[in-house]
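This report asks how the parts of one protein chain are arranged and which side-chain pairs join them. Please keep the sequence and the structure in view while reading.

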Amino acid sequence: MNFILKYSELRRRRRGSIDRETGGPMNFAFALFKYFPYGGLQGDMLRMALRAARAGHRVVIHAAEWHGEPPPAPIEVKLLPWRSRTSGGRVLEFEKNFHREVAGKGYDLLVTFNRIGGCDLYFAADNCMAVELPERHWKLTLLRPRYRIFLEEEKKIFAPESSTHIMYIAPRQLEQYRRAYATPEERLHYIPPGVRPECRRPDDAETLRAGKRRELGLEPDELMLILVGSN
């Protein structure tokens with residue numbers, strides 16, 4: 001989130017729309033196809049929105065679908081329902097609806113979490129489709145409309161002539177995207193994935209482990225399998 005704030009301030013200074021001494025609240029438009037409570041990408045997006053809101057900035061999340069509780073105020077959600085019945089058609093429809101919705105509303109930064117063109121920043125949670133799709137699918141399959149649309153949207157973001165900057169979370173992504181699109185390296189920004197403090201291994205992990213095993217009646221050399229999932 002620090003990178004987003006710094007990048008936003010730079011854009012505003014270039015446009016001359018910011019008080020150079022005191023700065024000021026900024027307006028962010030986030031784009032996300034679908035929100036649901038247990039998605040990794042969705043969680044990353046919401047944490048960024050919360051941090052920006054706590055810093056006094058305005059965040060409006062634009063989504064085609066929202067499942068679960070709304071985000072806490074003052075974060076806003078603007079629903080842009082899609083009508084298309086095909087996955088490729090929905091991508092193009094959302095892209096059109098999003099840009100129509102944000103036009104002329106004074107947003108300092110357009111941040112997308114899915115592959116659509118015309119935004120200032122893209123959070124790349126996934127690897128490069130242009131590299132990985134041919135490895136996973138028969139070549140003729142890639143001629144289907146949905147895959148053509150997906151690849152065209154990715155190209156809008158990563159092509160050398162694009163102005164979109166990319167936040168990526170794994171070094172492998174840098175190699176893939178540069179190999180597929182020759183994306184200028186200055187537009188690619190490495191954002192290492194973080195771990196929430198409550199999910200880190202505590203100093204007394206072994207004591208906690210031994211206590212839990214005793215509670216479950218497990219012998220020291222007995223194996224236990226844990227299955228974790230979300231719905």
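The sections below go from the overall make-up to strands, salt bridges and the surface.

## Overall make-up

The coordinates come from a predicted model, in which local features are reported for residues with a pLDDT of at least 70. The protein contains seven helices and seven strands, and along the sequence these elements follow the order α-β-α-β-β-α-β-β-α-α-β-α-β-α.

Of the 231 residues in the protein, 42% are buried. Among contacts with a separation of 6 or more, 58% are between residues 24 or more positions apart. The area that the protein exposes comes to about 14,200 Å², and carbon and sulfur atoms account for 52% of this area.

## Strand 5 and its partners

Strand 5, which spans residues 121-124, has L121 and F123 pointing one way and Y122 and A124 pointing the other way, and all of these residues are buried. What does strand 5 pair with, and in which sense? Strand 4, made of residues 109-112, pairs with strand 5 in the parallel sense over two bridges, and V111 stands opposite L121 of strand 5.

Strand 6, covering residues 165-168, also runs parallel to strand 5 and is joined to strand 5 by four bridges. Within that pairing, F123 has M167 of strand 6 as its bridge partner. L121 and F123, which point one way from strand 5, are thus seen again in the ladders, L121 opposite V111 and F123 with M167.

## Salt bridges within helices

The structure holds 12 salt bridges, and two of the pairs described here lie within a single helix. In one of them, the side chains of R47 and D44 meet with an N to O distance of 2.7 Å. R47 and D44 are both part of helix 2, residues 40-54, and are three residues apart, about one turn of the helix. How accessible are the two residues? R47 is partly exposed, with a relative accessible area of 40%, and D44 likewise counts as partly exposed, at 25% relative accessibility.

In helix 5, residues 145-158, the side chains of K156 and E153 form a salt bridge with an N to O distance of 2.8 Å. Because K156 and E153 are three residues apart in helix 5, about one helical turn separates them. K156 is partly exposed, with a relative accessible area of 37%, whereas E153 is buried, at 1% relative accessibility. The cut-off for buried is under 20% relative accessible area, so E153, at 1%, is assigned to that class. The pair also belongs to a network of salt bridges that links E95, E153 and K156.

## R58 and E76

Which parts of the chain does the pair of E76 and R58 link? E76 forms a salt bridge with R58, and their closest N and O atoms are 2.8 Å apart. This pair links distant parts of the chain, with E76 in strand 3, residues 76-79, and R58 in strand 2, residues 58-66, 18 residues apart. The C-alpha atoms of R58 and E76 are separated by 8.3 Å, and the side chains of the two residues make a polar contact at 2.8 Å.

Both partners are partly exposed, R58 with a relative accessible area of 33% and E76 at 32% relative accessibility. When its neighbours within four places in sequence are left aside, R58 is in contact with M26, N27, F28, E76 and Y107. The salt-bridge partner E76 is therefore one of several residues in contact with R58, given that contact means heavy atoms within 4.5 Å.

## A nonpolar surface patch

Which residues make up the nonpolar patch on the surface? L216, M224, I226 and V228 make this patch, which has an area of about 440 Å². V228, one of these residues, is found in the segment after helix 7, the helix of residues 205-215. V228 has a relative accessible area of 80%; because exposed means over 50% relative accessible area, V228 is classed as exposed.

Note on methods: Residues are numbered from 1 along each chain as its sequence is written. Side-chain values use heavy atoms; hydrogens and water are left out. A salt bridge is a side-chain nitrogen of Lys or Arg within 4 Å of a carboxyl oxygen of Asp or Glu. Buried means under 20% relative accessible area, exposed over 50%, partly exposed in between (1.4 Å probe, protein chains only). Two strands pair if DSSP finds at least two bridges between them. Accessible areas come from the Shrake-Rupley method with a 1.4 Å probe; for residues, only the protein chains shown count as cover. A polar contact is a pair of N or O atoms within 3.5 Å; within protein, one must be able to donate a hydrogen and the other to accept it, and residues adjacent in sequence count only if both atoms are side-chain atoms. Patches are made of residues with over 30% relative accessible area and no salt bridge: like charges are joined within 9 Å, nonpolar side chains (Val, Leu, Ile, Met, Phe, Trp, Tyr) within 5 Å.
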